[in-house]
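Subject: Structure handover

Hello,

Here is the structure I promised you. Please open it first, then read my notes below with the view beside you.

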Amino acid sequence: MQKHILVIPGDGIGPEVTTWGKAVLEKIAEKFGHDFTYDEALMGHAGIEATGSPLPDETLEKAKASDAILFGAIGHIKYDNDPSAKVRPEQGLLKIRKELGLYANLRPIMLFDELLDASSLKPEVLKGTDILFFRELTGDVYFGEKKRSEDRNTASDLMIYHRYEVERIARKAYEAARVRGKRLCSVDKANVLEASRLWREVVQELATQYPDVETEHMFIDNAAMQLVKNPKKFDVVLTANLFGDILTDEASQIAGSMGMLASASVGDGTGFFEPIHGSAHDIAGQDKANPLASILSVALMLEISFGLKEEAKQVTEAIDKVLKAGYRTGDIADANTDKAKILGTTAMGQKVLEYL
Ligand code: NAD
Ligand code: IPM
Ligand code: MN
């Protein structure tokens, strides 16, 4: 199979983990006789430094011309601590999502049994959890009008949804629920927010078209609690952009670490694959980042964008074998981990290649 992949490493640990995502793609291509070609482009702080823009035009052109995109992370502490900065790394990520029409962000909470003790939650609460989040990605308070009063003392971000935006992601979530556990939980704040009332109305209407799927509506505050109380109760979770952002970071603790959660952003055009984590200033440049979320993002790319199910399965199985053999990065190590088997980013990446 011939495919052209754009790699956007980004900032902080982005390049460190993406190196291993790409290495896994190369290994898969070699093993299965695929012809994958690669290009690289700048985004975030790296884009600002080189061109003044967090999403240089050239990056967007290359993205549109590729068959899939592997992204690392963006972000720099300099902007995190400067609320007045007008140009920010995150704008690059938001813009590329919008420009590519990536309205559906799939975030699977896949739990490797070997990591049951890596979580701060009890193993018996976690075991058997398998959730697929559908986070809406191009609407909500993220993209509504932003305002700041002239005296700078008042600020607002408009939370806005259009019917078609809710409908298209809800449909995707229902289609997935249909071939999974047949349960869909739509999370909103319809007791307070008008945008959520539209959300609930649209999901209720769509529910009648999917009688084989059991629909539940839950308020975001309750969902945040239920997720750690009894994660097994969830199958497909459908939610808006901001709620999905927050709930999935919380859910990463079910899988053991932020370094374990991959995501696929899909919609109108080229698929975009990225870990859910950020540039992690606290560990950047120290060979400490867990590359497995990037490697799992590659598995999602192989399956979703290229339809290469067996290849994707082998990537996930290689990770499973590495974990079964006792190897861990620091973030997923626990009291029982053999200290000699706690690896850095590079050694973990190499282990996965070895087991592939
Ligand atoms: P973060 O996800 O970067 O880090 C949160 C915590 O998780 C940190 O303690 C970090 O060390 C840990 N962590 C994250 N990824 C890890 C990995 N692969 N292995 C081991 N540990 C890992 O979130 P943050 O600290 O809130 O944000 C840092 C910067 O990243 C900010 O500038 C933010 O805007 C940006 N950000 C970018 C993205 C993205 O590019 N998709 C996502 C989230 C945050
Ligand atoms: C994510 C990130 C982004 C988001 C930021 C960096 C814009 O947190 O991909 O989850 O909020 O969507
Ligand atoms: Mn996030």
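Start with the strands. Strand 1 (residues 2-10) and strand 2 (residues 35-40) run parallel, and six bridges join them. For one pair to find by eye, take His4: its bridge partner in strand 2 is Thr37. Now trace the chain between these two strands. It leaves strand 1, passes through helix 1 and arrives at strand 2. This β-α-β crossover is right-handed. Keep in mind that the whole model is predicted.

Strand 1 also pairs with strand 3. The two run parallel, with five bridges between them. Look for Val7, which stands opposite Leu70 in strand 3. Is strand 3 (residues 68-73) mostly covered or mostly open? It is mostly covered, as six of its six residues are buried. Strand 3 has another partner, strand 12 (residues 271-275). That pairing is parallel too, over three bridges. Here Ile69 stands opposite Phe272 in strand 12.

One general point helps when you look at side chains. In a regular strand they alternate between the two faces of the sheet.

Next, the domains. The domain assignment splits the chain into domain 1 (1-105 + 259-356) and domain 2 (119-255). Note that domain 1 is given as two segments. The domain centres, taken over C-alpha atoms, are 24 Å apart. Domain 1 puts 11 residues into the contact, and domain 2 puts in 16. On the domain 1 side, helix 5 and strand 4 (104-110) each give two or more residues. Helix 5 has the largest share there, with three residues. By class, this side of domain 1 has seven nonpolar, two polar and two charged residues.

Now the ligands. Which residues come nearest to ligand 1? They are Gly75, Gly259, His277, Gly278 and Asn290, out of 23 residues around this ligand. Helix 1 (13-32) and helix 5 each give two or more residues to that shell. The shell around ligand 1 holds 10 nonpolar, eight polar and five charged residues.

Around ligand 2 you will find Glu90, Leu93, Leu94, Asp245, Ile276 and Gly278. Helix 5 (residues 89-99) gives the largest share of this shell, three residues. The classes are three nonpolar, one polar and two charged.

Follow helix 5 once more before you close the file. It gives residues to the shell around ligand 1, to the shell around ligand 2 and to the side of domain 1 that touches domain 2.

Best wishes

How values were computed: Residues are numbered from 1 along each chain as its sequence is written. Chains are lettered from A and ligands numbered from 1 in the order in which they are written. This is a predicted model: local features need pLDDT of at least 70, side-chain atom pairs count only at pLDDT 80 or more; totals for chains, interfaces and linings use all residues. A residue is near a molecule or strand if its C-beta atom, placed from the backbone, lies within 6 Å of it. Helices (H or I, at least four residues) and strands (E, at least two) are DSSP runs, numbered from the N terminus. Ala, Val, Leu, Ile, Met, Phe, Trp, Tyr, Cys and Pro count as nonpolar, Asp, Glu, Lys and Arg as charged, and the others, Gly among them, as polar. Two strands pair if DSSP finds at least two bridges between them. A crossover is right-handed if, with the strands pointing away from the viewer, the path from the first strand over the helix to the second runs clockwise. Domain bounds come from an automatic or database domain assignment. Two residues are in contact if their C-beta atoms, placed from the backbone, lie within 7 Å. A residue is buried if 20 or more other C-beta atoms lie within 10 Å of its own, exposed if 12 or fewer, and partly exposed in between; C-beta atoms are placed from the backbone.
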